[in-house]
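Colleague: I would like a close look at one part of this model. Please take it slowly and set it in the context of the whole chain.

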Amino acid sequence: MNHAEWKTRRHRKLLGEAVEENPEYDRLYEEAELAFDLGQLVYDRRTALGLSQVELAERCGMRQPQISRIEGGGTVPTIPLLRRLARALDAELTISLTPHGEAA
């Protein structure tokens with residue numbers, strides 16, 4: 001699923017419109033949503049610390065375009081990279097599994 005399809009599907013869901021059932025599409029949509037949510041968390045923490053993308057990239061041993069892709073939801077980092085991001089953002093990395101129906 002490309003970004004435009006994901007945004008259209010998300011927009012339709014937010015408006016309460018019916019969205020066609022397709023298990024593969026649903027799986028990809030869920031992955032894209034998680035990537036977007038992670039990117040927002042990185043962005044929020046980075047800006048709260050007053051860091052630029054370049055400064056965060058330097059703290060992580062990365063390049064600015066990589067930070068931009070993460071913040072834009074364009075990629076899902078590996079667990080080792082998530083650890084580096086957490087350290088660079090002076091944050092704890094917490095990963096949890098929540099039973100269906102209990103998610104906040």
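Where is Asp90 found?

Modeller: Asp90 is found in the segment after H5. First, the ground rules. This is a predicted model, in which local features need pLDDT of at least 70, side-chain atom pairs count only at pLDDT 80 or more, and totals for chains, interfaces and linings use all residues. Residues are numbered from 1 along each chain as its sequence is written, and side-chain values use heavy atoms, with hydrogens and water left out.

Now the confidence. The chain averages a pLDDT of 85, and 83% of the residues score at least 70. Here pLDDT is the predictor's confidence in each residue, from 0 to 100. Among the elements, helix H3 (residues 53-60) has the highest mean, 97, and helix H1 (residues 3-14) the lowest, 66. Where pLDDT is low, the predicted coordinates should not be read in detail.

The overall layout is α-α-α-α-α from the N terminus on. That is five helices and zero strands. Both come from DSSP runs, numbered from the N terminus: helices are H or I with at least four residues, strands are E with at least two. The chain has 104 residues, and 24% of them count as buried. Buried means under 20% relative accessible area, exposed over 50%, and partly exposed in between (1.4 Å probe, protein chains only).

Back to Asp90. Its phi is near 50°, a positive value in a residue other than glycine. Asp90 counts as exposed because its relative accessible area is 52%. Its side chain meets that of Arg59 in a salt bridge, at 3.8 Å, N to O. A salt bridge is a side-chain nitrogen of Lys or Arg within 4 Å of a carboxyl oxygen of Asp or Glu. The pair links distant parts of the chain: Arg59 sits in helix H3, Asp90 in the segment after H5, and 31 residues separate them. Arg59 is partly exposed, at 46% relative accessible area. Side chains of opposite charge can pair when their charged atoms come close.

A search of the whole structure finds two salt bridges. The other pair is Glu71 and Arg46, whose side chains meet at 2.5 Å, N to O. Glu71 lies in helix H4 and Arg46 in helix H2, so this bridge ties together parts that are 25 residues apart in sequence. Both partners are buried. Glu71 has a relative accessible area of 11%. Helix H4 covers residues 64-71. Leaving out residues up to four places away in sequence, Glu71 touches Gly39, Gln40, Val42, Tyr43, Arg46 and Gln53. Contact means heavy atoms within 4.5 Å.

Several of those neighbours take us to H2. This helix covers residues 23-48, 26 residues in total, and reaches 37 Å from its first C-alpha to its last, close to the expected 38 Å. The expected span is 1.5 Å times one less than the number of residues. Tyr25, Tyr29, Ala35, Gly39, Val42 and Arg46 are its buried residues. Ala48, also in H2, counts as exposed at 62% relative accessibility. The C-alpha atoms of Ala48 and Leu89 are 9.6 Å apart, with their positions 41 residues apart along the chain. Just after H2, Gly50 takes a positive phi of about 75°.

Leu89 leads to the core. The largest nonpolar core has twelve residues: Val42, Leu56, Ala57, Cys60, Met62, Ile67, Ile70, Leu81, Leu82, Leu85, Ala88 and Leu89. H3, H4 and helix H5 (79-88) are the elements that each give two or more residues to this core. H5 supplies the largest share, four residues. The term covers buried Ala, Val, Leu, Ile, Met, Phe, Trp, Tyr and Cys residues joined through side-chain atoms within 4.5 Å. Within the core, Met62 touches Ala57, Ile67, Ile70, Leu81 and Arg84, again not counting residues up to four places away in sequence.

One residue in H4 deserves a word. Pro65 is found there, and it is partly exposed at 36% relative accessible area. Pro65 and Gln53 are twelve residues apart in sequence and 8.3 Å apart in space, C-alpha to C-alpha.

Last, the totals. Residues 24 or more positions apart account for 47% of the chain's contacts with a separation of 6 or more. The accessible surface of the chain comes to about 7400 Å², and 52% of that belongs to carbon and sulfur atoms. These areas come from the Shrake-Rupley method with a 1.4 Å probe; for residues, only the protein chains shown count as cover.
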